[in-house]
Amino acid sequence: MQEGAKVCLMSPEQLRKKFPWMNTEGVALASYGLENEGWFDPWCLLQGLRRKVQSMGVLFCHGEVTRFVSSSNHMETAIGEKVTLKRIHEVHVKVDHSQEYQPVECAIVVNAAGAWSGRIAELAGIGKGPSGTLQGTKLPVEPRKRYVYLWHCPQGPGLEAPLVADPSGAYFRREGLGNNYLGGCSPAEVSSVGSGCRGEDRDRVSLSSQASLAGPVLVLMSRSPLALTWGLLPPSTTYQADRLKRPARPGSDVCPGQRKPCPHLCPQEEEPDPGNLEVDHDFFQEKVWPHLAQRVPAFETLKVRRAWAGYYDYNTFDQNGVVGPHPLVVNMYFATGFSGHGLQQAPAVGRAVAEMMLEGHFQTINLSPFLFSRFYLGEKAQEHCII
Ligand SMILES: Cc1cc2nc3c(=O)[nH]c(=O)nc-3n(C[C@H](O)[C@H](O)[C@H](O)COP(=O)(O)OP(=O)(O)OC[C@H]3O[C@@H](n4cnc5c(N)ncnc54)[C@H](O)[C@@H]3O)c2cc1C
């Protein structure tokens, strides 16, 4: 709001009045985006950008990056730490269906390899040094499999539905005009010692970042913080109220690594195997549908028509983007680690990386909290709004 986003905060009573199809139980406050919100087709956006840059003279070389050829300079820092500065001169691009590779000379490499960017960083020697040193600091980005489900519900909220992000982490929005809806939920984090259950993080959502989520966006905040492959479903699966497992009530579970009660269905959930893109339909029944039906009683009966899985480029350190140059591999720049929010941030990040490469500093927006060096310094730019 401080940055000028037009959002309004609504009490449960105001929420009920505006969206009578919604159960406001457990909601303390809702944030509703009033303008400049919307959803778009990612593939069209990508193709639009691609065609534009092609028209401007950009050449594409298709294949897999398998090697970097670089030169090194050994130096010693003011505190006596020995470091090796590297500059990449050539990239080997393996041609599809062939053992051949094409050497591509380069002045600058942008590591925008999404979920695989951690692997690309390793190829460039990043993180291959003694632990605790800058040289030994890895790019903490890895693939995390996430599902999206599309369901039909004739009694659903219809055209009135904005994109709704529930405190449980479940989200949905209308898809088209025919009472179809699209949504999902990330598996809850099995937290490491000292870090909170992600459900708890969700309760501390920052209004300004929520306002930038991809119609209108409605974010619900809980009353009690304590407490890309399309896969066709075998046949459409109908879910009816008698199969519904109600979400645990606040206080009935305990977060892993925490003594506090957790208001979500999260205890010992595990990340799905990222080795394939199969969709887990039980996940919908057990982890997504109960929250949807709790918030929108009409969703107690629905038919799942399609589902797909894709990879988040998940930054395990603070679930936020990594933008700008590497301090030691001096001509590798990052634009990765967006942990499920990369599309909406892509235009701004593209501009910021271009400015950094051409001018040596950020100009339009200062993205320095997202530099790689934060992993070494231990300075988190924690994103609390991962859905
Ligand atoms: C289920 C799901 C829902 C999402 N919902 C949203 C949303 O609502 N809003 C939002 O903003 N974002 C969302 N995202 C996230 C968004 O899709 C990503 O953040 C975004 O696609 C990242 O774009 P990218 O160009 O950085 O990476 P990608 O689109 O992953 O592109 C990386 C490219 O690098 C290539 N590559 C990898 N390794 C190599 C190699 N060795 N050599 C050559 N090429 C290589 C890959 O083939 C790929 O083409 C969602 C993601 C998923 C999976």
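In describing the surroundings of the ligand, Ala, Val, Leu, Ile, Met, Phe, Trp, Tyr, Cys and Pro are counted as nonpolar, Asp, Glu, Lys and Arg as charged, and the others, Gly among them, as polar. On this basis, the shell around the ligand in the predicted model is made of 12 nonpolar, 7 polar and 3 charged residues. The ligand is surrounded by 22 residues, of which the closest are Gly114, Trp116, Gly310, Gly342 and Leu343. At least two residues of this shell come from each of β3, β7 (141–152), β15 (302–315) and α7 (342–359), and the greatest contribution is that of β15, which provides 4 residues. The shell also draws on two domains, since at least three of its residues belong to domain 1 (7–36 + 145–313) and at least three to domain 2 (62–140 + 316–377).

The protein as a whole contains 8 helices and 17 strands, and of its 387 residues, 34% are buried. Burial is assigned here when 20 or more other C-beta atoms lie within 10 Å of a residue's own C-beta atom, a cut-off that is needed for two of the elements described below.

One of these elements is the helix α2, which covers residues 42–55. The helix has 14 residues and spans 20 Å from its first C-alpha to its last, close to the 20 Å expected at 1.5 Å a residue. Of the 14 residues of α2, the number that are buried is 0, and the helix therefore lies largely in the open. Just after α2, a positive phi of about 105 degrees is found at Gly57.

The strand β3, which supplies residues to the shell around the ligand, is also part of a hairpin. Strands β3 (residues 64–76) and β4 (residues 82–94) run antiparallel and are joined by 12 bridges, with Glu76 standing opposite Lys82 in β4. Between the two strands of this hairpin there are 5 residues, and in the turn Gly80 has a positive phi of about 85 degrees.

Elsewhere, three strands form an open sheet in the order β6-β17-β16, in which the pairing is mixed. The edges of the sheet are taken by β6 (109–111) and β16 (322–325), and because each of them has a single partner strand, one side of each is left without a neighbour in the sheet. From one strand to the next, the twist averages 20 degrees.

The mixed character of the sheet can be followed through its two pairings. On one side, β6 and β17 run parallel and are joined by 3 bridges, and Val109 has Met332 in β17 as its bridge partner. On the other side, β16 and β17 (residues 332–336) run antiparallel and are joined by 4 bridges; here Gly324 has Phe334 as its bridge partner, while Val323 stands opposite Ala335. Strands β16 and β17 also form a hairpin, with 6 residues between them.

The strand β17 is the second element for which burial is informative. Of its 5 residues, 5 are buried, so the strand is largely enclosed by the rest of the structure. Met332, Phe334 and Thr336 point one way from β17, whereas Tyr333 and Ala335 point the other way, and all of these residues are buried. The bridge partner of Val109, Met332, and that of Gly324, Phe334, thus both point one way from the strand, while Ala335, which stands opposite Val323, points the other way.

Technical notes. Residues are numbered from 1 along each chain as its sequence is written. This is a predicted model: local features need pLDDT of at least 70, side-chain atom pairs count only at pLDDT 80 or more; totals for chains, interfaces and linings use all residues. Two strands pair if DSSP finds at least two bridges between them. A residue is near a molecule or strand if its C-beta atom, placed from the backbone, lies within 6 Å of it. Domain bounds come from an automatic or database domain assignment. Axes are lines fitted to C-alpha atoms, for helices over the stretch in contact, and angles run from 0 to 180 degrees between N-to-C directions. The expected span of a helix is 1.5 Å times one less than its number of residues. A residue is buried if 20 or more other C-beta atoms lie within 10 Å of its own, exposed if 12 or fewer, and partly exposed in between; C-beta atoms are placed from the backbone.
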